[in-house]
Amino acid sequence: MFRRFMPHILVVVALLTVGLSGSYELLSHALVDLRFRLDDRPASGEIAVVAIDPRSIEAIGVWPWPRTQHARLLEQLQRAGVRDVAFDVDFSTPSDAAGDQAFLNALQNAKGSVVLPAFKQLDAAGKDTSIHVNRPLPQFEQLAWSAFVNIEVARDGRVRSYALGEFCETGGRRTFLQTMGAFLAGSDAVKDNAFLVDYGIDPSSLPKVSYVDVLRGDETALARLKDKRVIVGATAIELGDYYSVPNGRVLPGVVLQALAAESIIQHRTLLATSTAATVAGLLLIVMIMLASWRHLSAARRALLIAMISIVIEAVALVLHDRYALVFDTSLLQIALIAYLAATALDEIDFRGLLRHVAESRFERIAMSIGDGLVCTDQDKRITVWNPGAVAIFGYGADEIIGQPFARLRADGSDTHDLFPRQEAALPATLLPGGATVEFDGRRKDGEVFPVEASFSAWQGADGLQYGVILRDISVRKREAERIRYLAEHDTLTALINRNTLQTDLAAMIETADAASDQVVLLVIGLDAFQEINDMLGHAFGDSVLRAAAQRLRAEIGSMGRVARLSGDEFAVAIPCSAIGGTVAELAGHLSQLFESPLETGARQQRVKVSLGVAVHPDGGHNADELLSNAHLALCRAKTDRRGSHVIFESAIRHELEQRLTLEAELALAVEREEFELFYQPQVELLHGHVIGAEALIRWRHPTRGLVPPGDFIPVVNTSPLSEAVATWVMATACRQARDWQLAGHDIRVGVNLSPSQFQSGDLAAFVSKLLTVTGLSPGLLELEVTEDILLHDEPGVLQTFNRLQALGVSLVFDDFGTGYASLSYLKKFPLDGLKIDRSFVRDVLTQADDAAIVGSTVSLSKQLGLSVIAEGIENQATADFLLRLGCEHGQGYHFGRPMPAADFARQFLAMDATDQRQAGAA
Ligand code: C2E
Ligand code: MG
Ligand code: MG
């Protein structure tokens with residue numbers, strides 16, 4: 001509504017502004033002046049000008065002229081037969097008496113046909129600006145007419161209007177005084193109305209003669225004046241009586257008076273039309289515009305406005321020419337100009353301009369971003385295609401603009417699933433953007449690739465528009481794929497890793513459960529892989545693993561899953577229904593698989609494998625359990641059945657659990673100091689003298705009572721507690737021996753070593769320190785080692801032995817004869833003696849073999865210079881027999897069971913001690 005009337009309101013506002021400020025006057029004058037220019041009419045010829053021109057001034061010489069000159073002029077004019085004479089020369093002040101008299105006489109002769117000027121002056125003497133009328137001298141006025149010569153200058157400095165006369169107060173009487181022009185024109189109107197002088201009358205067509213010519217009685221000059229009304233006045237520039245008039249002309253006052261008179265004579269006293277006509281004209285224009293605005297194009301409207309303008313001016317010209325009416329068309333023309341401007345403004349689509357600016361900015365951004373940016377119209381036809389999109393899809397903008405968006409899809413299918421929904425109810429704003437979606441795109445060369453796109457929509461000038469940001473995510477996808485592969489696979493062998501196996505196993509179990517099937521999991525460990533790695537290098541180790549993986553994969557194929565669990569462990573998971581045989585057969589088959597050497601590049605490597613097998617559901621309800629149980633079985637296989645397989649059964653776990661409980665209890669026992677050392681006597685078989693004691697550990701369990709070492713030492717030795725327990729045994733035994741030594745009993749104490757003491761720390765340094773701290777003589781300490789100690793880390797053990805012996809401590813080989821290679825150790829290690837194992841002693845009386853072994857061991861020892869002691873002597877007969885075989889020392893229940901230190905001291909040391917003390921005293 002408001003928009004509809006906008007141009008008209010604008011026009012009215014413009015008119016009011018111009019009208020109230022009065023600035024339209026300029027245009028108004030310009031238009032009237034133009035009409036004067038177009039109108040060229042000659043003077044009537046009734047009025048002639050006698051010009052006081054430069055020639056006259058030059059001829060007469062002095063200025064002001066003596067009035068005698070004017071008197072003579074008047075006479076000459078009479079002679080020429082003029083009708084009236086008007087002087088535009090000041091007669092208000094007296095001059096020389098002769099001149100005044102001469103002029104008075106001339107006036108008398110002229111018989112009332114002369115008019116002299118009166119003019120209004122601001123009374124300069126008075127404080128107030130009262131107007132004073134300067135009239136001709138009274139003596140002149142009695143014989144002549146007087147008339148106003150005042151010329152009113154308009155605001156723009158031009159003379160436009162002229163009055164017919166003016167009322168003025170003279171001697172308290174209100175009289176009417178004509179203007180000189182009205183007088184010359186013979187007007188009899190008694191009105192002070194002003195009119196516009198018609199400057200269309202050509203001033204040059206006024207008959208004009210030079211004052212001096214008349215004065216000299218020039219006949220042609222006088223002839224031109226016959227029967228004319230004559231006005232006499234200055235035209236010489238130097239006399240300064242000049243006025244600006246329209247169209248840039250300057251006229252002498254006398255010519256102006258003549259033109260005013262001419263206007264009256266020719267009935268060209270121009271009058272302005274009333275304001276009502278202007279208002280009516282304006283209303284008419286506004287109405288025409290209101291009626292036609294919507295129906296006309298801008299060009300037609302402009303044409304209409306121009307035509308109205310011309311018509312108005314034509315009418316004004318006719319009024320001016322024919323009816324002497326001045327129609328002020330300035331406001332009408334201003335209204336029309338305003339309408340023209342409104343049309344132009346209407347035409348200049350500012351919104352469009354702004355949109356254009358925004359669009360060009362958008363275009364710049366669109367062209368510079370790396371992502372593909374595509375816009376479509378509401379039919380999903382592409383309208384914008386940036387360089388990013390060119391790079392992604394390969395189409396140039398010229399090839400794709402105008403094409404449907406569906407062309408970018410791999411399958412070319414409809415795109416309604418991609419674009420945001422078209423909510424018609426939404427106002428002209430941005431529609432909610434579609435979420436990021438992925439689809440398969442097709443490049444120009446046909447390549448299909450993944451695209452990520454985010455859509456937005458907005459209401460544009462041409463309906464709904466869509467914007468799509470497109471991104472080629474093939475690299476990202478590939479990268480993600482690679483990361484996923486890395487997360488799921490073992491990079492060395494390309495087999496799946498433990499995590500993936502776990503997931504796959506879970507799925508396999510679920511399927512098996514549904515089909516009442518079973519799942520077998522085999523964990524395969526390469527035996528002695530560490531050695532291969534150490535001896536042949538890691539790169540070679542890697543190739544062995546790769547070859548093993550390859551062999552497993554080739555064997556299992558699609559039957560199941562093959563994974564690498566860790567360093568040298570693989571796993572195979574297969575549903576039982578797929579194996580076509582028993583689980584044991586499969587396990588056997590897999591271990592046989594590694595009987596032929598692995599191809600590892602140039603070299604062939606033979607490996608053995610141990611297998612741990614667990615079968616779901618008995619061997620584990622879920623993937624986790626199955627894996628852990630198969631692992632347990634593998635551990636068992638590695639310790640008990642190297643190179644073969646163990647199928648998990650609950651007993652294995654049970655043992656393990658027991659072991660774990662025991663370990664926990666042992667840890668507590670260490671804390672609570674529940675261990676004790678018992679001592680078993682070692683004697684000289686011939687006399688029965690106690691020569692030493694073996695320290696044997698006991699665990700005083702709070703509920704189970706005394707626990708023998710066989711029940712816990714193997715666990716201790718393979719647990720982290722080993723070190724602490726061994727240290728305690730050694731320290732306690734040394735302190736005890738030192739106590740006995742201090743009490744005067746040089747009892748050699750035997751201490752059983754555990755393997756951990758050779759693996760960690762420095763045993764020799766520890767023993768040395770202990771000897772120093774306790775002050776025990778090194779000769780009273782005997783360390784017992786078993787074959788399992790000698791088995792490992794030979795060079796290290798050898799070095800420790802040497803250092804221990806250097807301290808003066810003796811080393812004996814415990815349980816001699818039970819191991820596989822007892823004899824070879826005698827050669828390898830620097831030992832001081834050996835203890836014949838109880839198993840040979842027990843039946844030595846009845847078993848000839850045992851007797852032979854004991855006999856030869858004894859003689860071998862003697863030859864090698866080693867001490868020898870027999871363990872497990874339970875009766876005197878055995879002791880005697882051993883003595884006969886050459887064995888001089890023994891240990892066994894027959895001499896005494898292992899017992900607390902106090903009991904040992906009481907039973908075996910008291911007497912001796914007393915003896916020794918007595919001997920010492922003596
Ligand atoms: P070992 O070193 O061979 O100790 C001798 C074992 O034979 C002791 O068993 C002892 O009680 C037993 N014995 C001695 N004479 C006879 C006999 O006449 N008849 C029978 N039937 N047995 C006899 P114990 O005390 O049960 O110790 C068993 C094994 O535990 C020891 O064998 C030793 O290898 C280990 N052991 C004991 N104490 C310790 C210790 O403090 N540290 C370490 N590392 N091992 C220990
Ligand atoms: Mg022992
Ligand atoms: Mg022994």
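## Two helices that cross

The axis of a helix is a line fitted to its C-alpha atoms, here over the stretch in contact, and the angle between two axes is taken between their N-to-C directions, from 0 to 180 degrees. With that in hand, let us look at a pair of helices in this predicted model. Helix α18, which covers residues 498-514, packs against helix α22, residues 623-640. Their axes are 9 Å apart and make an angle of about 115°. The crossing of α18 over α22 is right-handed.

Which residues of α18 and α22 meet? From α18 come Arg498, Leu501, Gln502, Leu505, Ala506 and Ile509. Their partners in α22 are Ala623, Asp624, Leu626, Leu627 and His631. Sorted by class, this contact holds seven nonpolar, two polar and two charged residues.

## A bend before α22

Now step back along the chain to the loop between β27 (609-616) and α22, where Pro617 sits. The peptide bond joining His616 to Pro617 is cis, with omega at about 10°. That is worth a second look, because most peptide bonds are trans.

## Two residues with positive phi

Asp227 and Ala528 deserve a stop on our tour. Asp227 is not a glycine, yet its phi is positive, at about 65°. You will find Asp227 in the loop between α9 (219-224) and β11 (229-234). With a relative accessible area of 47%, Asp227 is partly exposed, because partly exposed residues fall between the 20% and 50% cut-offs.

Ala528 is not a glycine either, and its phi is positive at about 55°. Its place is the loop between β22 (519-526) and α19 (529-536). Ala528 has a relative accessibility of 32%, so it counts as partly exposed. Why do such phi values stand out? Because most residues other than glycine have a negative phi.

## Cysteines, buried and partly exposed

How many disulfides does a search of the whole structure find? The answer is zero. Some cysteines are still worth visiting. Is Cys734 buried or exposed? Cys734 is buried, with a relative accessible area of 0%. Cys635, at 44% relative accessibility, is partly exposed.

Cys168 belongs to strand β7, residues 165-170. At 8% relative accessibility, Cys168 is buried. Setting aside neighbours within four places in sequence, Cys168 is in contact with Val133, Arg135, Phe148, Arg173, Arg174, Thr175 and Leu177. Ala223 is 55 residues from Cys168 in sequence, and their C-alpha atoms are 38 Å apart.

## Gln178 and Val159

Gln178 lies in strand β8, residues 173-178. Its relative accessible area is 17%, so Gln178 is buried, the limit for that word being under 20%. What does the side chain of Gln178 reach at 2.5 Å? It reaches the backbone oxygen of Ser187. Beyond four places in sequence, Gln178 touches Ala147, Phe148, Leu164, Gly165, Phe183, Ser187, Asp188 and Ala189. Phe148 also appears among the contacts of Cys168.

Val159 is found in the loop between β5 (145-148) and β6 (161-163). Although Val159 is in a loop, it is buried, with a relative accessible area of 1%. Its contacts beyond four places in sequence include Ile151, Val153, Tyr199, Tyr243 and Leu256. Val159 and Glu262 are 103 residues apart in sequence, with 16 Å between their C-alpha atoms.

## Asp814 and its charged neighbours

Asp814 is part of strand β34, residues 810-816. Its relative accessibility is 6%, so Asp814 counts as buried. Where does Lys835 lie relative to Asp814 in sequence and in space? The two are 21 residues apart in sequence and 4.9 Å apart from C-alpha to C-alpha. Besides Lys835, Asp814 touches Glu694, Asn752, Glu784, Val785, Thr786 and Glu871, leaving out residues up to four places away in sequence.

Glu871 sits in the loop between β36 (867-870) and α33 (876-884). Glu871 is buried too, with a relative accessible area of 10%. Among its contacts beyond four places in sequence are Glu694, Asp814 and Lys835. Glu871 also meets Asp815, Ile836, Asp837, Arg838, Val841 and Gln891. Taken together, Glu694 and Lys835 are contacts of Asp814 and of Glu871.

Definitions and conventions:
Residues are numbered from 1 along each chain as its sequence is written. Chains are lettered from A and ligands numbered from 1 in the order in which they are written. This is a predicted model: local features need pLDDT of at least 70, side-chain atom pairs count only at pLDDT 80 or more; totals for chains, interfaces and linings use all residues. Side-chain values use heavy atoms; hydrogens and water are left out. Helices (H or I, at least four residues) and strands (E, at least two) are DSSP runs, numbered from the N terminus. Buried means under 20% relative accessible area, exposed over 50%, partly exposed in between (1.4 Å probe, protein chains only). A polar contact is a pair of N or O atoms within 3.5 Å; within protein, one must be able to donate a hydrogen and the other to accept it, and residues adjacent in sequence count only if both atoms are side-chain atoms. Contact means heavy atoms within 4.5 Å. A crossing is left-handed if the near helix is turned anticlockwise from the far one by less than a right angle, and right-handed if clockwise. Ala, Val, Leu, Ile, Met, Phe, Trp, Tyr, Cys and Pro count as nonpolar, Asp, Glu, Lys and Arg as charged, and the others, Gly among them, as polar. A disulfide is a pair of cysteine sulfur atoms within 2.5 Å.
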